[in-house]
Amino acid sequence: MTYDRVDSILEQWASERPDLDASPIGIFGRISRIDRLFEQSMAEFLRPFGLTLGLFDVLAALRRIGEPFQAMPSDLAAMTMLTSGGMTGRLDQLEKLDLVLRVPDPDDRRVMMAQLSPKGRDLIDRLMGEHLERERARLVWLQAGEPEEFASYLRKLESSLRSFDGQGRAKGLDA
């Protein structure tokens with residue numbers, strides 16, 4: 001087993017506060033470090049295309065909803081966990097790159113929809129293939145069936161985190 005910075009932190013806590021069970025740091029510390037490494041890797045991957053991870057997320061959201069590859073900005077914001085203002089900024093950037101068009105909603109011409117341009121569709125199709133290959137290569141150490149098991153544990157952890165408020169109390173319970 002490889003020794004890492006999180007192991008060092010756990011040893012320090014065990015030495016300084018042996019009365020504490022610091023084992024959650026082994027999980028949450030590594031998740032935090034993995035997230036930073038993933039974001040750095042994605043930034044390097046997307047930089048040659050003039051994209052950020054946020055812009056990539058919008059292109060991917062538009063692509064995966066299918067023909068005609070369009071959505072209302074508010075729906076895209078919900079899909080990508082952004083505010084409407086944040087989505088407007090991303091759509092502005094994507095429009096300048098000719099990757100997204102703003103088109104009127106056929107049901108209500110007062111509403112503008114975001115739509116993948118042909119250039120945007122070609123780019124996201126190419127990038128998604130490369131991105132998934134890169135991710136798959138990083139998971140080669142998992143055995144058959146383990147990716148699904150690992151994803152299941154992560155789903156349970158996310159669900160658990162969503163069930164607590166900022167003070168670590170279960171949501172919906174009176175204090």
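**Notebook: aromatic pairs, a histidine, a hairpin and a helix contact**

I began with Phe 150, which is partly exposed at a relative accessible area of 37%. The model I am reading is a predicted one.

**Aromatic pairs.** I searched the whole structure for aromatic pairs and got two. I took Phe 45 and Phe 49 to start with: their ring centres are 6.4 Å apart and the planes meet at 65°, an edge-to-face pair. I then went to Trp 141 and Phe 150, where the centres are 6.3 Å apart. The planes of Trp 141 and Phe 150 stand at 65°, so I logged this pair as edge-to-face too, since angles over 60 degrees count as such.

I looked up the accessibility of the rings' residues as well. Phe 45 is buried, with a relative accessible area of 10%, while its partner Phe 49 is partly exposed at 23%. Trp 141 has 52% relative accessibility and counts as exposed, because the limit for that class is over 50%. Its partner Phe 150 is the partly exposed residue I opened with.

**His 131.** I found His 131 in helix H6, which covers residues 118–138. Is His 131 buried or exposed? I noted a relative accessible area of 7%, so His 131 is buried. Leaving out residues up to four places away in sequence, I listed what His 131 touches: Phe 38, Met 42, Phe 45 and Phe 56. Phe 45 in that list is also the buried member of the pair with Phe 49.

**Hairpin.** I next checked strand S2 (residues 100–105) against strand S3 (residues 108–116) and found them antiparallel, joined by six bridges. How many residues lie between S2 and S3 in the hairpin? I counted two residues between the strands. For one bridge I noted the partners: Pro 104 is matched with Met 112 in S3.

**Helices H3 and H5.** Last, I looked at how helix H3 (residues 53–64) packs on helix H5 (residues 84–96). Their axes are 10 Å apart and the packing angle is about 85°. I therefore entered H3 and H5 as roughly perpendicular to each other, a class that runs from 65 to 115 degrees. On the H3 side, I wrote down Gly 54, Leu 55, Val 58 and Leu 59 as the residues making the contact. From H5 the contact has Met 87, Arg 90, Leu 91, Gln 93 and Leu 94. I sorted the residues of this contact by type and got six nonpolar, two polar and one charged.

How values were computed
Residues numbered from 1 in each chain as written. Predicted model: local features only at pLDDT ≥ 70, side-chain atom pairs only at ≥ 80, totals over all residues. Heavy atoms only, no water. Phe/Tyr/Trp six-rings, centres within 6.5 Å; stacked < 30°, edge-to-face > 60°. Buried < 20%, exposed > 50% of the residue type's maximum accessible area, 1.4 Å probe, protein only. Helix = DSSP H or I, 4+ residues; strand = E, 2+ residues; numbered from the N terminus. Contact = heavy atoms within 4.5 Å. Pairing = 2+ DSSP bridges. Axes fitted to C-alpha atoms, helices over the stretch in contact; angles between N-to-C directions. Parallel < 35°, antiparallel > 145°, perpendicular 65-115°, else oblique. Nonpolar A, V, L, I, M, F, W, Y, C, P; charged D, E, K, R; others polar.
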